[in-house]
Amino acid sequence: MSKGSKRLLPIAVAGALGIAAVTAAAGFERKPSATVGDAPGMKMQGEAITLAPDALQWKALKLGKVSRSASRLAEPVPARVRLDETTASHVSAPLEGRVSRVLVELGQRVTKGQALFAVKSQAIAELRVERDKAKVDLDVAKAAHERTAAMVEAKALPAKEELTARQELRQAELAHRMAGAKLSSLQVSSSGDNEFTVTAPIGGVVVEKNVAPSAMVAPEGGSSQIVIADLSSVWVVADLFASEPLALKPGTAAQIFLPSRPGVTLDATVEMVSAVVDPERHAIPVRMRLPNPDGLLRPNDFAEVRFLVEGDGLLEIPASALVSDGARTSVFVQEPSGVLRKREIVAGSSRKGRVPVLSGLQEGDVIVEEGGLLLDNQLSITGS
């Protein structure tokens, strides 16, 4: 074989292999891909699903009837126990001075007239001196009037002198009464020449204490040294945020739960809904009043409140029943034959886990309240 023939042989072999490959490719036929069949106990047709009575899917499904919204207890909102401010008495020192003694503690029960704290004050000494001086002037005026009246009766002095003495007596009596009124208006008791004791104006519990020995106190400034409250009734104030879709008004029923008293439910009614937002808590205060004869409800304790919300009569279903693909919202409805059929609906905004149905359902329809997503996923897998 010549050298030229040797060079052509590989080319001929390669060409033959290429022709064979093209011929084989032309005769190749792709086998159809395998389709996903129905799950055991489940039969699907379009957007309808039939489940056998013993199908495992029933364990993940919950059925329920479509009903109209009715009165119900809303979800709990945070609250706190507060003293009834209409029964509270704010006690302040009536004169400037320095606290010498504090005689009560926070949380202590006191009686009307009981000593709270003592204050050393130059002002009280001056008032007492003024009262004592007025008493001396009154005694002098009385003696002068008696002496003048006797001399007038004996014809030793003219009658006009008695009139003058009587006028001076009345002025002394007025000065003495005014000096005494200044002291009595302070509602304090005497501790010494330059000290006075502030007493409780009412009986109750010391719920706030802002005084300590050696501290300077004054009637100006607006702050109270002691706050006493009658805790036979208290307020429970709930913090309702503006996003809460609750229409509350005075008289709305509520249930109150206290972590400090597990298992105890207290019934109450709304007394006041604030017209402004609390600037510190950024919430709308809603106030209820509770009787507290046993004193177990303590101010500043935490609480939770559930308000009774009136129904609006709209058809309503659980939000968990909704199935959405982004373009439409549906639910699975159980037909009388038992078939679960996907049905498109128009739903409103969710309200505490429930949504109003505007169209697509009727009262009494049986729907899949939980597990609809499982059925929808099975439809998607089967139809792929």
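Q: What makes both faces of β15 count as covered in this predicted model?
A: Ile226 and Ile228 on one side of β15, and Val227 and Ala229 on the other, are all buried; buried means under 20% relative accessible area, so with such residues on either side both faces are called covered.

Q: How do you know that β13 and β15 are paired strands?
A: Two strands pair if there are at least two bridges between them, and four bridges join β13 (residues 204-209) to β15 (residues 226-229), which run antiparallel; the criterion is therefore met. Within this pairing, glutamate 208 has valine 227 of β15 as its bridge partner, while valine 205 stands opposite alanine 229.

Q: How do you know that β7 pairs with β15?
A: Four bridges join these antiparallel strands, and at least two are needed, so β7 and β15 count as paired. Here histidine 90 has valine 227 in β15 as its bridge partner.

Q: Why are β7 and β9 called edge strands?
A: The open sheet has the order β7-β15-β13-β9, with antiparallel pairing, and β7 (88-91) and β9 (109-110) each pair on one side only; a pair requires at least two bridges, so that criterion is met on just one side of each of these strands.

Q: What makes the span of helix α3 close to the expected one?
A: Helix α3 (residues 159-184) has 26 residues and reaches 38 Å from its first C-alpha to its last, against the 38 Å expected at 1.5 Å a residue.

Q: Which residues of α3 are buried, and what helps to cover them?
A: Glu162, Ala165, Leu169, Ala172, Ala179 and Leu183 are buried, and what covers the buried residues of α3 includes α2 (122-153).

How values were computed. Residues numbered from 1 in each chain as written. Predicted model: local features only at pLDDT ≥ 70, side-chain atom pairs only at ≥ 80, totals over all residues. Heavy atoms only, no water. Buried < 20%, exposed > 50% of the residue type's maximum accessible area, 1.4 Å probe, protein only. Expected span 1.5 Å × (residues − 1). Contact = heavy atoms within 4.5 Å.
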